[in-house]
Amino acid sequence: MPATKTSRTLLTSQSLAAATSVNATELNLSTAYGALVAVKLTNGATAPTTAPTVTFYVGEATGTKRKLYQVAGDTVNNSVNDYVCEIPAPGMFVNVTILNGATNAITVEAYAQELTSV
């Protein structure tokens with residue numbers, strides 16, 4: 001029996017100013033079997049002087065954030081960093097927060113691959 005998967009855009013590609021953060025659209029997995037959430041960070045010709053961070057949260061209700069995983073980008077000029085976090089089947093609601101480092105803007109985006117049936 002084939003599985004059904006659904007692609008989700010959680011955060012369209014956008015510039016994130018230095019020392020600011022952005023929250024992606026919450027992913028509701030309350031009727032799904034888990035997901036992969038991918039975040040892409042792209043530094044410009046002049047990278048931030050402190051590494052940006054990506055925090056993946058899960059919660060039992062919409063808006064609830066319990067840290068599942070956190071990863072840091074880098075401070076390398078023109079680098080592209082892709083990070084993927086697997087959300088297990090018990091995960092109900094997923095939130096992603098990206099916090100940029102100091103001094104320079106970066107480009108950010110987030111997507112999910114949701115397992116909706118088996």
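**Reading the strands of a predicted model**

Modeller: In this predicted model, an open sheet is built from four strands in the order β1-β9-β4-β7, with antiparallel pairing. β1 (4-16) and β7 (80-87) stand at the edges; each has a single partner strand, so one side of each lacks a neighbour in the sheet. On average, neighbouring strands of this sheet are turned by 15° against each other, direction ignored.

Colleague: How should the pairing of β4 and β7 be read, and which residue stands opposite A38?

Modeller: Strands of a sheet pair through backbone hydrogen bonds, in either a parallel or an antiparallel sense. Here, strand β4 (residues 35-43) and β7 pair in the antiparallel sense over eight bridges. Opposite A38 stands V84 in β7.

Colleague: Which strands pair with β5, and over how many bridges?

Modeller: Strand β5 covers residues 53-59. With strand β6 (residues 66-72), β5 pairs in the antiparallel sense over six bridges, and T55 stands opposite Q70 in β6. With strand β8 (residues 93-99), β5 also pairs in the antiparallel sense, over seven bridges; there the bridge partner of F56 is V96.

Colleague: What is to be noted in the hairpin of β5 and β6?

Modeller: The hairpin has six residues between the strands, and within the hairpin G63 takes a positive phi near 85°.

Colleague: Which residues of β5 point one way, and which the other way?

Modeller: In a regular strand, side chains alternate between the two faces of the sheet. In β5, one direction is taken by T53, T55, Y57 and G59, and the other by V54, F56 and V58.

Colleague: Are the residues of β5 buried or exposed?

Modeller: β5 is mostly covered, with seven of its seven residues buried. The residues pointing either way are thus all buried.

Colleague: Turning to E114, in which strand does this residue lie, and why is E114 classed as buried?

Modeller: E114 lies in strand β9 (residues 106-117). The criterion for a buried residue is a relative accessible area under 20%. E114 has a relative accessible area of 5%, and is therefore buried.

Colleague: Which side chain is joined to that of E114 by a polar contact, and which residues is E114 in contact with?

Modeller: The side chains of E114 and R8 are joined by a polar contact of 2.8 Å. Setting aside neighbours within four places in sequence, E114 is in contact with T4, K5, T6, R8, L27, N28, L29, A32, G34 and A35.

How values were computed. Residues numbered from 1 in each chain as written. Predicted model: local features only at pLDDT ≥ 70, side-chain atom pairs only at ≥ 80, totals over all residues. Heavy atoms only, no water. Buried < 20%, exposed > 50% of the residue type's maximum accessible area, 1.4 Å probe, protein only. Helix = DSSP H or I, 4+ residues; strand = E, 2+ residues; numbered from the N terminus. Pairing = 2+ DSSP bridges. Polar contact = N/O pair within 3.5 Å; in protein donor to acceptor, adjacent residues only side chain to side chain. Contact = heavy atoms within 4.5 Å. Axes fitted to C-alpha atoms, helices over the stretch in contact; angles between N-to-C directions.
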